[in-house]
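Hi,

Here is the structure I promised to pass on. Have a look at it first, then read my notes below.

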Amino acid sequence: MLRKWIVLAVVTILVSAPGDSRAVAGFAADVQRAAPAWDGTLRRVRVPVLMYHYVSYLPADADDIRRELTVTPDLFRAHLDYLKEQGYSTISFYDLDAALLSGSLLPPRPVILTFDDGYIDHYTTVFPALREYGFTGTFFIITALADANRADYVNWSQIREMADGGMSMESHTKNHVDLRGRDYDFLVYELLGSLESLAAYTGQTSHILSYPVGHYDEMTLQVVGQLPIWRAVTTQRGVLHTTDNRLEMPRLRINGGTGAAGLASLLNGN
Ligand SMILES: [Zn+2]
């Protein structure tokens, strides 16, 4: 005789801080206890962090690397359509940080959209598209390239406009060099220098870092930990964030071949 077992997954809500009676509406399944926060509560949050580079049409001479890093504007809009239709809400790393540290509520289906390197299409294509959809993004800026006022990268006045428009303008260091094997002074220059430039030009403080090419070592982590950097993202794949992985946060890589179906499987995977 066949017996069918129905297994009901019971998800326990453990995110609320002591004395906080609010329920975790709409996102209970993705929040669990993991590690201590300032209030002693252990939290883990599942938030997909999408990693984009170029959002543009490919130049005729595009090589394999450029193809890998480029999503066309049409495909990007298809991604935004999908996120909208599926009820995703874009949040910032500050929202995620607050959810982990103090148990503050996240909207249903939170997602963070990140854009590395400060290409000019982030201002000309991504910024208006995000505003049209009512979304926000986190842009990791190579501040020496903004200083250089190059036509192919966002400049400070564009960065200021994006910050004023509700986007998070964050650090991708000053010069986008490999941070491994560096000494203290070099790391402070690259990291703190970029945060100071962002604050000076946007009028807002920045506390989030993206490691250039995802590279870092123990010394990098030590110095980052001493600076006013609240969270740092890698290029490692994953969707879970805990109170103790604040400087090694995983992301989901988007490339030219990631269609809406590919996006869906990334968002729903591990
Ligand atoms: Zn980069």
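The protein chain has nine helices and 13 strands; these are DSSP runs numbered from the N terminus, with at least four residues for a helix (H or I) and at least two for a strand (E). Keep in mind that this is a predicted model: local features need pLDDT of at least 70 and side-chain atom pairs count only at pLDDT 80 or more, while totals for chains, interfaces and linings use all residues. Residues are numbered from 1 along each chain as its sequence is written.

Of the 270 residues in the protein chain, 38% are buried (20 or more other C-beta atoms within 10 Å of the residue's own, with C-beta atoms placed from the backbone).

Now find strand E7, residues 110–116. Six of its seven residues are buried, so E7 is largely enclosed by the rest of the structure. What does E7 pair with in the parallel sense over four bridges? That is strand E3, residues 49–52 (strands pair if DSSP finds at least two bridges between them). Here valine 49 sits opposite isoleucine 112 of E7. E7 also pairs in the parallel sense with strand E8 (residues 138–141), over three bridges, and threonine 114 faces threonine 138 in E8.

Last, two oddities in the loop between E9 and H7. Threonine 173 lies there and has a positive phi of about 70° without being a glycine. Histidine 176 is in that loop too, and its phi is near 60°. Threonine 173 is buried, with 23 other C-beta atoms within 10 Å, and histidine 176 counts as buried with 22.

Cheers

How values were computed:
A residue is buried if 20 or more other C-beta atoms lie within 10 Å of its own, exposed if 12 or fewer, and partly exposed in between; C-beta atoms are placed from the backbone.
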